[in-house]
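Here is an informal walk through one model, with a stop at each of its more telling spots. Have the viewer open and follow along.

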Amino acid sequence: MTYTWHPSPEYRERSNVARLMRTFGVATVDELRRRSVADIGTFWNTVITDLGIPFRVPYEQVLDLSGGVQYPDWFVGGRINIADACLTRWARETPDTVALVHESEDGAVVRLTYPELADAVARARSGLRAAGIRRGDAVAVYLPMIAPAVIAMYAAASIGAMVVPLFSGFAPTAIAARLRDADVAAVITADGTTRRGKPVDLLTQLERALPDAPRVRLVVVVDNLGTGRSTSNGPARTMSWDELLAGEPDPDVEDTASSDVLLLGYTSGTTGRPKGAVHTHAGFLVKVAAEVAYGFDIVPGRTFCWITDMGWIMGPLSVFGTHACGGTLLLYEGTPDTPDHGRLWQLAHRHGVAMLGVSPTLIRSLRAAADKPPGEDLSSVRILGSTGEPWDPDSYAWLAEKVFAGRVPVINFSGGTEVGGSFLCPYPAEEIRSCSLGGPALGMDVDVVDDDGHPLRGSVGELVCRQPWPAMTRGVWRDDARYQEAYWSTYPGMWRHGDYALVDTDGSWYVLGRSDDAMNIAGKRVAPAEIESVLAADPAVAESAVVGVPDPAKGEAVWAFWVSRGSGADSDDEVAARLRDAVATQLGKPFTPARVVRVAALPKTRSAKILRRAVRAAVLDADPGDLSGAENPDTVEDIRVQVRGLR
């Protein structure tokens, strides 16, 4: 099943990206892509003008490359603070607009207008300064998707402190590692949250981490579950969230430079050592504003909702990108299929969501539970967002055609924490083929190359970028050698992202998985997503993960793990035989899985990205590396035990 989005006249003429096309005098998105990288300085300067991004002091130069392509200096001489640009502006210009909505699993709703959000930030800013937190300090935000998470990030940024967002599912070891690496001075957390109707304790996790993070001198606790708990574990001062906000608002936003550090976005490495991507006030702001404006078509009055966590880059992107565009941000605290599989659609209907961000795994789960379209009125939804993993054509078509009747584009984009947004992105004013990433994101000079760095079309290669962009990480925090090795050592002068990608003969772009996930089967390179897409078409399969396992004959053999939809009378052996035949028929006999194993669940991140490296480690009975970002790390041991029984 395939599907292609054909933009209506409204999208062709009235979308934000269409306005930018007219500014540059081009007729198509592909022409705009070419213009955006022909002179990146002119392009990003035009974006700032188009979106009205306010600098306190105008920059003297858009881009300085005197330090080399690895160390660009953007918006030289400019002064800007992201709190001013995202809140102060709109509190003045559109004071009646709702800036933030929060809904919890039990249905409780909180709404804040731009002036109300700005006031809460000013009170938190006052509290942080009174507690001795200053410019240059690091403030960790270890919170679920609740209003204080947004307030805390803006408050820290507004005093010139560095924000360190932490995944709300982290265990103590992972928390402590990041607190130590960033020399965190203050942690803002909550007593807990609710997931699938059950309380999840956050404060105890932090208490266990604090003895290994001796530089923390302030802990602020949000009474989110009504427990009244606080912490006294260690020498750090403890106060409640209400105490932090109790003083008079502080009107003074720190005068920060374009290049001052805004946040450290931590990613998990295969070695287990966290890696901090460094993002700045101007660079991150400009990139995420462009993502939300041109890719997701947000303007004042439209609501943006992405089911994510502040600990993943989509959290800060959602906050700062939406507010840079004057939109309304909807936070959902909980799981999007609780208390039933209609919760996501109910959420979109109740709050008039215009941009709804989902993952392919979530959509496969919702489709497996109820293949019929939801009954809610979803007419407010204009854009569907997606990132993190490849689509299979059937699920993509189900969402686009069956649920949304072909009237809404799927903006499936790909980037990462170090990118500060997307490398690849389709736009609503162009045709979008099923599962495609469209093409290069605006201002991103990306390519697919072979092992020698030569461009490839029609075959799988490495995804690279030839020029810098505003939100490119300024390095790996306190580890320049790791930065150089990770991104610049393979192809001189080109950023290597670590993804395998394909540009097909029609010019559509696809990311096929991490290059360290790729398999070499009898000399033939294949990405797991290619095989997983075949498996996903089987009616018995809810989701799957494919890994390469050492094999004396082929170099590597394919092992496939699948989760049942929970319906159908076929035995596991019958399904396995059918899946092997499908892969052999569609991809070729060399790629036929040597093992097809049904499992209860696959290990995933909170953003629903399947951790293939952890699955492979379970097969090999090896160390899976850092699982601190996993939603369900126990599944790795379950798979390990199951595989042992097969040998």
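## Strand 8 and its neighbours

Two strands pair if DSSP finds at least two bridges between them. Strand 8 and strand 11 (residues 218-222) qualify: five bridges join them, and they run parallel. One contact to look up is isoleucine 188, which sits opposite valine 220 in strand 11. Keep in mind throughout that this is a predicted model.

How much of strand 8 is buried? Seven of its seven residues are, so the strand is largely enclosed by the rest of the structure. Just before it, in the loop between helix 8 (172-181) and strand 8, you'll find aspartate 183. Its phi is near 50°, a positive value in a residue other than glycine. Most residues other than glycine have a negative phi. With a relative accessibility of 26%, aspartate 183 counts as partly exposed, because buried would mean under 20% and exposed over 50%.

## Strand 6, covered on both faces

Strand 6 (residues 138-142) pairs with strand 8 (residues 184-190) too, in the parallel sense and over five bridges. Here tyrosine 142 has threonine 189 of strand 8 as its bridge partner. Strand 6 also pairs with strand 7 (residues 162-165), again in the parallel sense, this time over four bridges. In that pairing, valine 141 stands opposite proline 165 of strand 7. To get from strand 6 to strand 7, the chain passes through helix 7 (residues 147-158), and this β-α-β crossover is right-handed.

Is strand 6 buried or exposed? Five of its five residues are buried, so strand 6 is largely enclosed by the rest of the structure. In a regular strand the side chains alternate between the two faces of the sheet. For strand 6, Ala138, Ala140 and Tyr142 are on one side and Val139 and Val141 on the other, and all of them are buried.

## Helix 11

What end-to-end span should helix 11 (residues 281-295) have? It holds 15 residues, and at 1.5 Å a residue the expected span is 21 Å. The C-alpha atoms at its ends are 21 Å apart, which agrees. Helix 11 is also mostly covered, with 15 of its 15 residues buried. After the helix comes aspartate 297, and its phi is positive, near 55°.

## Aromatic pairs

Searching the whole structure turns up 27 aromatic pairs. Take tryptophan 345 and phenylalanine 404: their ring centres are 6.2 Å apart and their planes are at 65°, so this pair is edge-to-face. The cut-off behind that call is a plane angle over 60 degrees. The pair links distant parts of the chain, 59 residues apart: tryptophan 345 is in helix 13 (residues 343-351), while phenylalanine 404 is in the loop between helix 15 (393-403) and strand 19 (410-412). Both tryptophan 345 and phenylalanine 404 are buried.

Ring pairs also build a cluster out of Tyr71, Phe423, Trp469, Tyr483, Tyr487, Trp488 and Trp495. One of its members, tryptophan 469, is found in the loop between strand 24 (461-465) and helix 16 (480-487). Tryptophan 469 counts as buried because its relative accessibility is 0%. Its C-alpha atom is separated by 18 Å from that of proline 426, which is 43 residues away along the chain.

Methionine 494 is in the loop between helix 16 and strand 25 (495-503). At 8% relative accessibility, methionine 494 counts as buried.

## The second largest pocket

The second largest pocket has a volume of about 730 Å³. Its lining takes in 37 residues, and the closest to the centre are Val29, Asp30, Arg33, Arg34 and Glu430. Which element gives the most to this lining? Helix 3 does, with six residues. Each of these elements supplies at least two lining residues: helix 1 (9-14), helix 2 (16-24), helix 3 (29-38), strand 22 (432-433) and strand 23 (446-449).

Between strand 22 and strand 23 runs a loop that holds cysteine 435. Phi of cysteine 435 is near 70°, a positive value in a residue other than glycine. At 12% relative accessibility, cysteine 435 counts as buried.

Conventions:
Residues numbered from 1 in each chain as written. Predicted model: local features only at pLDDT ≥ 70, side-chain atom pairs only at ≥ 80, totals over all residues. Heavy atoms only, no water. Buried < 20%, exposed > 50% of the residue type's maximum accessible area, 1.4 Å probe, protein only. Right-handed = clockwise from strand over helix to strand, strands pointing away. Expected span 1.5 Å × (residues − 1). Phe/Tyr/Trp six-rings, centres within 6.5 Å; stacked < 30°, edge-to-face > 60°. 1 Å grid on protein atoms, 1.4 Å probe; cavity = no way out; pocket = protein on both sides within 12 Å on 5 of 7 lines; lining within 4 Å. Points joined across faces, edges and corners; volume = space filled by probe spheres on them.
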